[in-house]
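Reader: Please take one helix and go through it closely, then place it in the rest of the chain. I would like the cut-offs stated along with the values.

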Amino acid sequence: MQNDKRPESMARITTLELANAFIDEQVADIRKQVGDKKVLLALSGGVDSSVVAALLIKAVGKQLVCVHVNHGLMRKGESEQVIEVFGKELDANLVYVDATDRFLDLLKGEADPEKKRKIIGNEFIKVFDEEASKLEGISFLAQGTIYPDIIESHGVKAHHNVGGLPEDMQFELVEPVRLLYKDEVRVVGEALGLPHNMVYRQPFPGPGLGVRCLGAITRDRLNALREADAILREEFDNSGLAGKVWQYFISVPDMKSVGVRDNKRYEGWPAIIRAVNTSDAMTATIEEIPYALLHKITARITSEVEGINRVLYDLTPKPTGTIEWE
Ligand code: XMP
């Protein structure tokens, strides 16, 4: 039975030294728990599951099987990074499933946000379940549960509905970072040698770009959103805002306006910028992005992204606006 209460004596992991001590302790514990059996992990590429994967690879190597389900709603380059870091650099036992068509076909024509979330969540479980049943001799399921998931009922993951796994899976759990806070998970991730941009990744909703491609998702609008979002992230990286702003992204609504491009009438979607600061995602304030940067982002998105002809900046704090648009 795992201990689910953080001992009061446990020091906050803030240094490489403390992180290495934690890693050594966990590696020993994992080896003791797992023995020579196999462990399965749903690896999204988010901070928590990535750190758990790296810990398990260190402890039991190829006895860990990572399954990465690409639901087609990832940000630009994310699935590629999972393959690069875990499949190649760390030489993990990685099963990569490109389920894009399955998800997008099921989502076709569905405009209701809650139904979209359900479709994505259910399909995720189905795909993961199918992959798990193809594997033999799995005894353990590893999860990136962190301490706030245990102590808070209203945290960011309260409405986590992707990455939730089938309840009837008969596996014993391995949850090596369950007593850690997010900042500690990051320090441990860096100590394990994971790339900085993976360890300091901003939070990303389980349903991914699915809740940012507003209304009924189409492939062309989803692609436009992904490209515009990549430009926003690049400009935030270059200007130093990336390390300062809690969450920033683009949403693209299902509406077009009239515009001009190359001296011709050009109907396109607007890209809406959201950049917020918060500590717990329950309330949020707006980051004041410098105007010069807003102009640059606007110029790049409207000239580089097919289908986008305007860029808008959402100035609404939470409340009244939620962080996501749907
Ligand atoms: P809202 O939009 O409710 O978002 O202000 C608060 C935080 O939660 C994230 N979010 C989600 N995360 N599944 C998730 O895993 C979801 O369905 C979901 N919806 C919102 C959001 O990105 C923000 O960080």
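Author: The account below starts with one helix and then moves outward.

This is a predicted model, in which local features need pLDDT of at least 70, side-chain atom pairs count only at pLDDT 80 or more, and totals for chains, interfaces and linings use all residues. Residues are numbered from 1 along each chain as its sequence is written, and side-chain values use heavy atoms, with hydrogens and water left out.

Helix 5 covers residues 113-134, which is 22 residues. Helices here are DSSP runs of H or I with at least four residues, strands are runs of E with at least two, and both are numbered from the N terminus. From first C-alpha to last, helix 5 reaches 32 Å, close to the 32 Å expected at 1.5 Å a residue; the expected span is 1.5 Å times one less than the number of residues. At the N-terminal end, aspartate 112 acts as a cap, with a side-chain oxygen 3.2 Å from the backbone nitrogen of glutamate 114.

The buried residues of helix 5 are Lys116, Arg117, Ile120, Gly121, Glu123, Phe124, Val127, Phe128, Glu131 and Ala132. Buried means under 20% relative accessible area, exposed over 50%, and partly exposed in between, with a 1.4 Å probe and protein chains only. An α-helix has 3.6 residues a turn, so residues three or four places apart point the same way. The buried residues of helix 5 pack against strand 1 (38-42), strand 2 (64-70), strand 3 (93-98), strand 4 (138-142) and helix 4 (100-107).

The protein chain is divided into domain 1 (16-199) and domain 2 (212-313), with bounds from an automatic or database domain assignment. Their centres, taken over C-alpha atoms, are 28 Å apart. The contact (heavy atoms within 4.5 Å) takes 15 residues from domain 1 and 16 residues from domain 2. Between them the two domains bury about 1300 Å², 55% of it on carbon and sulfur atoms; buried area is the accessible area (1.4 Å probe) that two parts lose on being put together, summed over both.

Aspartate 314 lies in the segment after strand 11 (308-313), and counts as buried because its relative accessibility is 9%. Leaving aside neighbours within four places in sequence, aspartate 314 is in contact with Ile272, Ile273, Arg274, Ile286 and Trp325.

Cysteine 66 is buried at 0% relative accessibility, and cysteine 213 is buried with a relative accessible area of 0%. A search of the whole structure finds 0 disulfides, a disulfide being a pair of cysteine sulfur atoms within 2.5 Å.

Technical notes:
A polar contact is a pair of N or O atoms within 3.5 Å; within protein, one must be able to donate a hydrogen and the other to accept it, and residues adjacent in sequence count only if both atoms are side-chain atoms.
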